[in-house]
Amino acid sequence: MAVPFADLQLQYQTIKDEIDRAIAAVIRDNAFIRGSYVDAFEREFAEAAEVSHCVSCANGTDALYLAMTALKVKPGDEVITTAHSWISTSAMITHAGATVVFCDTDGSTFTIDPAAIEAAVTPRTVGIIPVHLYGQPADMDAIMAIARKQKLWVIEDCAQAHLARYRGRMVGTFGDAATYSFYPGKNLGAMGDAGAVVTNDAGLAEHMTMLARHGGLVKHQHRIEGINSRLDGMQAAILSAKLPHLAAWTNARQHAATVYDAGLNQIEEVVVPELAPERRHVYHLYTIRHPRRDALAAHLNANGVQAAINYPTALPFLAAYERFGHRPEQFPNAYRDQGRILSLPMFAEITRQQQDEVIDLVRRF
Ligand SMILES: *Cc1c(COP(=O)(O)O)cnc(C)c1O
């Protein structure tokens, strides 16, 4: 039996009528750019994310750029982020004009180590971008304590963590702003690119809205120089149709994670994802560690099970950051993990049979 890594077509089939109706309505209303569908999704997502403002934009990468630009980073500023993430997080620090400072992960949760942040703060540090990687919240109490003490802003990268919670509180509500991606494969995914920044700060929300819309809130009144980063009406309507299902999809992912945990726990050499206390993990990815990762990945893929490596090279060691001359011993956890991590098929609709097939193949390996 073949098991895909994710199955977007299957999700569409379960809500086909709702999606088709949403798309038809946007076409009927000519509401392609801005308009009522975008406004409605911003309201609905703000409520779901438990924040007062949602500024929609073209993708999760732009969301990071908008937040940092609105927080007025400037050349010479240093922004701290994790060594283990998708490159958007660090690349946007550079594009916003600041200098990237990487910190190692904590060795168990794949998220940034607060002790490494403390050690990395300099007089030039202006902010921290923790990433709730794979859907597990970073240690926000420790991170916010450092931010308050050092007077730093915090932008939470929630691209993989829709509806995740830390000590009962929604991720994205701890820092000054939080960014979301609605890339098709994310836990809440559009049928194209889409993203948002959320915040409880009305001034910051207005500034980010201006930046995303050519620098103005009113046509032809450009108060600043902005960019064009719009969520289009079609994607907004699709996201509004999907949002009511997100809670159930998240529960299904969590259930699938418990099935994997139980099946893989006893297998020698396999380390299942560690769940830190008081975190609600939403399992965007279910990522195990294995000392013979490449051979295991080849075995799974050869038997029709799609496994993936997220990500094969930790950020400091990418060619894009050669200029820093980073060495493995500066980021021992991220360096070790890049050779051991393997993400198994994970999606809300995955069946018990499919999971048993994956577990069986891992056991036989
Ligand atoms: C997906 C992702 C992004 C970027 O989102 P896009 O919508 O693809 O631009 C940023 N950060 C993390 C951690 C992501 O997983």
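Reader: Which strand does helix 5 run at about 150° to?
Author: This is a predicted model. Helix 5 (helices are DSSP runs of H or I, at least four residues; strands of E, at least two) lies across strand 2, strand 3, strand 4 and strand 5. Taking axes fitted to C-alpha atoms, with angles from 0 to 180 degrees between N-to-C directions, helix 5 makes about 150° with strand 3.

Reader: What pLDDT do side-chain atom pairs need here?
Author: Residues are numbered from 1 along each chain as its sequence is written, and side-chain values use heavy atoms, with hydrogens and water left out. Totals for chains, interfaces and linings use all residues, local features need pLDDT of at least 70, and side-chain atom pairs count only at pLDDT 80 or more.

Reader: How many of the eight residues of helix 5 are buried?
Author: Buried means under 20% relative accessible area; exposed is over 50%, and partly exposed lies in between (1.4 Å probe, protein chains only). Ser88, Thr89, Ser90, Ala91, Met92 and Ile93 are the buried residues. Helix 5 (residues 88-95) is largely enclosed by the rest of the structure, because its buried residues number six.

Reader: Which helix helps cover those buried residues?
Author: Strand 2 (78-82), strand 3 (99-103), strand 4 (125-129) and strand 5 (153-157) are part of the cover. A helix is also included, helix 4 (60-70).

Reader: Which residue with a positive phi follows helix 5?
Author: The phi in question is near 110°. The residue is glycine 97.

Reader: Which are the edge strands of the open sheet?
Author: Seven strands form the sheet in the order 1-9-8-5-4-2-3, with mixed pairing (at least two DSSP bridges between two strands). Each edge strand pairs on one side only; they are strand 1 (53-57) and strand 3.

Reader: What does the twist average from one strand to the next?
Author: The twist is an average over the open sheet's neighbouring strands. Its value is 25°.

Reader: Which residue stands opposite cysteine 54?
Author: Strand 1 and strand 9 (residues 195-199) pair in the antiparallel sense, over five bridges. Opposite cysteine 54, in strand 9, stands valine 198.

Reader: What angle does helix 4 make with strand 8?
Author: Helix 4 packs on the sheet, touching strand 1, strand 4, strand 5, strand 8 (177-181) and strand 9. Contact here means heavy atoms within 4.5 Å. The direction of helix 4 makes with that of strand 8 an angle of about 165°.

Reader: Why is the pair of phenylalanine 41 and phenylalanine 45 classed as it is?
Author: The structure holds 13 aromatic pairs (Phe, Tyr or Trp ring centres within 6.5 Å; planes under 30 degrees apart are stacked, over 60 edge-to-face, the rest tilted). The rings of phenylalanine 41 and phenylalanine 45 have centres 5.6 Å apart and planes at 25°, so the pair is stacked. They are about one helical turn apart, because four residues separate them in helix 3 (residues 36-48). Both are buried: phenylalanine 41 and phenylalanine 45.

Reader: Is tyrosine 321 buried or exposed?
Author: The rings of tyrosine 321 and phenylalanine 324 are stacked, because their centres lie 6.0 Å apart and their planes at 5°. Phenylalanine 324 is partly exposed, at 29% relative accessible area. Tyrosine 321 has a relative accessible area of 3%, so it is buried.

Reader: Which side chain does glutamine 254 reach with a polar contact?
Author: Glutamine 254 is in helix 10 (residues 246-264). Beyond four places in sequence, it touches Arg280, His281 and Tyr283. At 3.3 Å, its side chain makes a polar contact (a donor and acceptor pair of N or O atoms within 3.5 Å) with that of arginine 280.
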